[in-house]
Amino acid sequence: MSFLPYDSQVGMLWLEIRQGALVALSWSLPDSMAEPLEDAALCRRITHWLDDHFRRAPRGVDFPVRPAGTVFQQKVWREISRVGPGQTITYGELAKRLNSSARAVGVAAGQNPIPVVIPCHRVVGAKELGGYSGHGGLHTKRTLLSLEGALIGDIGIPFRQAC
């Protein structure tokens, strides 16, 4: 297991890499950071991806991700990952795709261990932005959506395209 810091527009992010895949991204400093980087090439791919993302040039994820979660959480995170940069989807629309409830989708989105990469910030409420469990809450969600060109105006109305 390796931890890698990444300084971004939404604060210091800590990347956790385990067995050749990104398994977590957090705003919290990990408890243990004693081990050396296990895969320098993978670390470079991830940091280059983040560089592009935060430079307003997001692209598809081209490195392995392996978030730990329940079968339902995995389904939600896979579906969220299909929402492209600059697009949003409502909790209700996502719930319909998964034959679930908007509340269950919201809970699973809030437990996403790899925010930004698995773009849970692109999931919004039908009439408002909804919540965001990452550091900085809705401010961070607005910042991430703005970087992708997904917010219109100063009031933060989400822009939608067909997903």
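**Core and confidence in a predicted model**

Tutor: In this predicted model, the largest nonpolar core holds 36 residues, and Leu15, Leu22, Ile46, Leu50, Phe54 and Ile80 have the most contacts inside it.

Student: Which elements supply at least two residues of this core each?

Tutor: Three strands do so, β1 (2-8), β2 (11-18) and β3 (21-26). The helices that do so are α1 (40-54), α2 (71-81), α3 (91-98), α4 (102-110) and α5 (137-147). The largest share, six residues, is from α1.

Student: What makes this core lie between domain 1 and domain 2?

Tutor: Residues of the core come from both domain 1 (2-55) and domain 2 (71-148), so the core lies between them.

Student: How do you know that Leu15 is in contact with residues beyond its neighbours within four places in sequence?

Tutor: Contact requires heavy atoms within 4.5 Å. With those neighbours left aside, Leu15 is in contact with Ser2, Phe3, Leu4, Tyr6, Leu22, Ala24, Leu25, Ile46, Thr47 and Leu50.

Student: Why is Ser28 called partly exposed?

Tutor: The relative accessible area of Ser28 is 49%. Buried would need under 20% and exposed over 50%, so a value in between is called partly exposed. Ser28 sits in the loop between β3 and α1.

Student: How far apart are Ser28 and His135 in sequence and in space?

Tutor: They are 107 residues apart in sequence, and their C-alpha atoms are 8.6 Å apart.

Student: What is the mean pLDDT of the chain, and which elements have the lowest and the highest means?

Tutor: The chain mean is 87, and 87% of the residues reach 70 or more. Among the elements, strand β7 (residues 157-158) has the lowest mean, 55, and α2 the highest, 97.

Notes. Residues are numbered from 1 along each chain as its sequence is written. This is a predicted model: local features need pLDDT of at least 70, side-chain atom pairs count only at pLDDT 80 or more; totals for chains, interfaces and linings use all residues. Side-chain values use heavy atoms; hydrogens and water are left out. A nonpolar core is a set of buried Ala, Val, Leu, Ile, Met, Phe, Trp, Tyr and Cys residues joined through side-chain atoms within 4.5 Å. Buried means under 20% relative accessible area, exposed over 50%, partly exposed in between (1.4 Å probe, protein chains only). Helices (H or I, at least four residues) and strands (E, at least two) are DSSP runs, numbered from the N terminus. Domain bounds come from an automatic or database domain assignment. pLDDT is the predictor's confidence in each residue, from 0 to 100.
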